[in-house]
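I opened my notebook beside the model and wrote down what I looked up, entry by entry. Follow along with the structure in view.

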Amino acid sequence: MLYAAYELNRSWFNAASTWASIGAQMLNRFEMPMGMSGLTPVMSSALEVFAHASAAYGKPAFDIETVPVDGIDQPVTEAIVVHRPWGNLLRFTHPGLPANAPRLLIVAPMSGHYATLLRGTVARMLERAEVFVTDWADAKMVPLSEGSFDLDDYIDYLIGFLEHIGPGAHMLAVCQPSVPAFAATAIMNGDKHPCRPLTLTMMGGPIDTREAPTTVNDLAMQRPIEWFKHTVIATVPLQYPGAGRQVYPGFMQLAGFMSMNLGNHMLSHYHMFKHMVEGDGESAEATKTFYDEYRAVCDLNADFYLQTVEEVFQKHALANGKFVHRGKLVDLGKITDTALLAVEGERDDISGVGQTRAALHLATGLADKKKKYLLAPEVGHYGIFNGSKWRERIAPVLEDWIARHDRAKLKVVA
């Protein structure tokens with residue numbers, strides 16, 4: 001009933017959003033009776049903000065048409081190179097890349113938002129590297145016939161994607177996938193897999209959530225796993241391909257994140273309203289663009305979500321040396337070849353300072369010269385991988401780390 005109630009409410013708001021948008025357009029037409037009224041900008045702006053806030057958002061497109069390289073805009077080519085039921089592998093490239101450019105796998109979070117949340121990450125790294133991105137599927141769009149998906153499958157997907165890219169690739173995990181990416185790296189190092197990554201960068205990831213726990217971590221610890229099973233898991237309704245599948249709905253994830261910073265979100269919309277009234281379309285559009293992406297949410301398969309809550313946030317299995325993949329214990333001490341970079345934001349309210357850095361201590365078999373830590377001052381969770389501070393402060397460090405360990409510059413014995 002939870003999902004059905006949401007769909008009913010969404011249908012009503014879609015209609016209300018459409019009417020509000022029409023009303024805003026009509027008020028902005030000077031030939032209309034109220035067109036010359038002094039209250040017109042206020043009323044039309046209020047309607048437009050409501051229309052934007054109540055609209056439904058589907059899966060966005062990356063829409064990266066060009067990237068600047070040495071002052072020249074290079075046309076970007078995007079292609080699906082691996083198609084799988086639970087996620088595709090996308091490839092981004094441009095003609096300005098040299099033949100020996102690094103190949104980077106960016107692992108997008110499977111946490112309620114689409115991979116396009118990393119649009120800024122992809123665009124910046126694409127300037128100097130051939131970029132691959134995990135484009136995870138919306139669970140409500142995956143038929144039951146395709147089976148389930150959990151953390152074991154996630155790790156298998158990452159290994160499979162690295163095998164497709166081939167030896168000598170690099171991997172970047174943003175937030176949630178830091179755990180499975182770290183585990184996949186340990187497994188591949190232990191097996192001396194020829195496609196093990198040369199470097200793994202983890203940004204704002206919950207490697208050990210006992211370090212500086214945040215509100216997100218506290219919520220996961222306050223309830224037993226049975227509570228999550230009976231409270232936040234819903235059944236996909238009949239109108240979707242994944243009808244009957246058990247999921248953690250994206251709309252619940254979004255509601256949780258919005259409630260954590262409700263005051264800030266309300267203030268952002270108030271400022272958007274003021275910008276519209278004042279005719280500052282550029283500032284208002286920037287807020288709109290952010291929320292267009294932020295409100296585009298997808299469902300998570302219940303098995304994956306519940307296993308993540310239990311293993312990562314409640315049992316701290318990876319940090320405790322008890323994380324298991326396909327019945328085999330994952331030994332982080334087996335990481336001896338892949339260089340590790342841990343990046344954290346000083347103001348991160350999702351993954352506290354120290355949670356990602358813990359990976360460097362857990363990789364006991366890796367030489368210190370292959371470990372690096374970066375704490376970005378005055379940067380929050382979103383700013384680690386998007387915005388000016390990401391582009392100007394963090395990305396150059398990542399590019400330098402990749403360049404120092406790239407196969408084109410080092411002789412690596414597989």
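**Entry 1: the hairpin.** I started at a hairpin made by β1 and β2, with 2 residues between the strands; Asp70 in the turn has a positive phi of about 55 degrees. Helices (H or I, at least four residues) and strands (E, at least two) are DSSP runs, numbered from the N terminus. β1 covers residues 66–69, and β2 covers residues 72–75. The two pair in the antiparallel sense over 4 bridges; strands count as paired if DSSP finds at least two bridges between them. I looked up one bridge and found Gln74 in β2 as the partner of Val67.

I then checked which way the β1 side chains point. Val67 and Val69 face one way and are buried, while Thr66 and Pro68 face the other way and are not. Buried means under 20% relative accessible area, exposed over 50%, and partly exposed in between, with a 1.4 Å probe and protein chains only.

**Entry 2: ground rules.** This is a predicted model, so I noted that local features need pLDDT of at least 70 and side-chain atom pairs count only at pLDDT 80 or more, while totals for chains, interfaces and linings use all residues. Residues are numbered from 1 along each chain as its sequence is written, and side-chain values use heavy atoms, with hydrogens and water left out.

pLDDT is the predictor's confidence in each residue, from 0 to 100. The protein chain has a mean of 82, and 74% of its residues reach 70 or more. I marked two stretches where pLDDT stays under 50: residues 30–55, with 53 contacts beyond four places in sequence, and residues 258–281, with 37 such contacts. Contact means heavy atoms within 4.5 Å. Where pLDDT is low, the predicted coordinates should not be read in detail.

**Entry 3: the sheet.** In what order do the 8 strands of the open sheet run? I read β3-β4-β6-β5-β7-β8-β14-β15, with mixed pairing. The edge strands are β3 (77–82) and β15 (371–376), each pairing on one side only. From one strand to the next, the twist averages 20 degrees. As a reminder to myself, strands of a sheet pair through backbone hydrogen bonds, either parallel or antiparallel.

β8 and β14 run parallel and are joined by 5 bridges. Met203 has Val343 in β14 as its bridge partner. Helix α4 packs on the sheet, touching β3, β4, β5, β6 and β7, and its direction makes about 150 degrees with that of β6. Helix α5 also packs on the sheet; it touches β7, β8 and β14 and makes about 160 degrees with the direction of β8. For these angles, axes are lines fitted to C-alpha atoms, for helices over the stretch in contact, and angles run from 0 to 180 degrees between N-to-C directions.

**Entry 4: Leu162.** I picked this residue in helix α4. Is Leu162 buried or exposed? Leu162 counts as buried because its relative accessibility is 0%. Beyond four places in sequence, Leu162 touches Leu105, Ala169, Met171, Met188, Cys195 and Pro197. Its C-alpha atom is 9.6 Å from that of Leu104, a residue 58 places away along the chain.

**Entry 5: salt bridges.** A salt bridge is a side-chain nitrogen of Lys or Arg within 4 Å of a carboxyl oxygen of Asp or Glu. The count comes to 14.

One of them joins Asp156 and Arg326, at 2.6 Å from N to O. The pair links distant parts of the chain, 170 residues apart: Asp156 sits in helix α4 (residues 151–165), and Arg326 in the loop between β12 and β13. Asp156 is partly exposed at 28%, and so is Arg326 at 45%.

Asp337 and Arg196 form another, with the closest N and O atoms 2.9 Å apart. These two are 141 residues apart, Asp337 in the loop between β13 and β14 and Arg196 in the loop between α5 and β8. Asp337 is partly exposed at 25%, whereas Arg196 is buried at 7%.

Glu226 and Lys229 also form a salt bridge, at 3.3 Å. Both lie in helix α7 (residues 225–231), and because they are 3 residues apart there, about one helical turn separates them.
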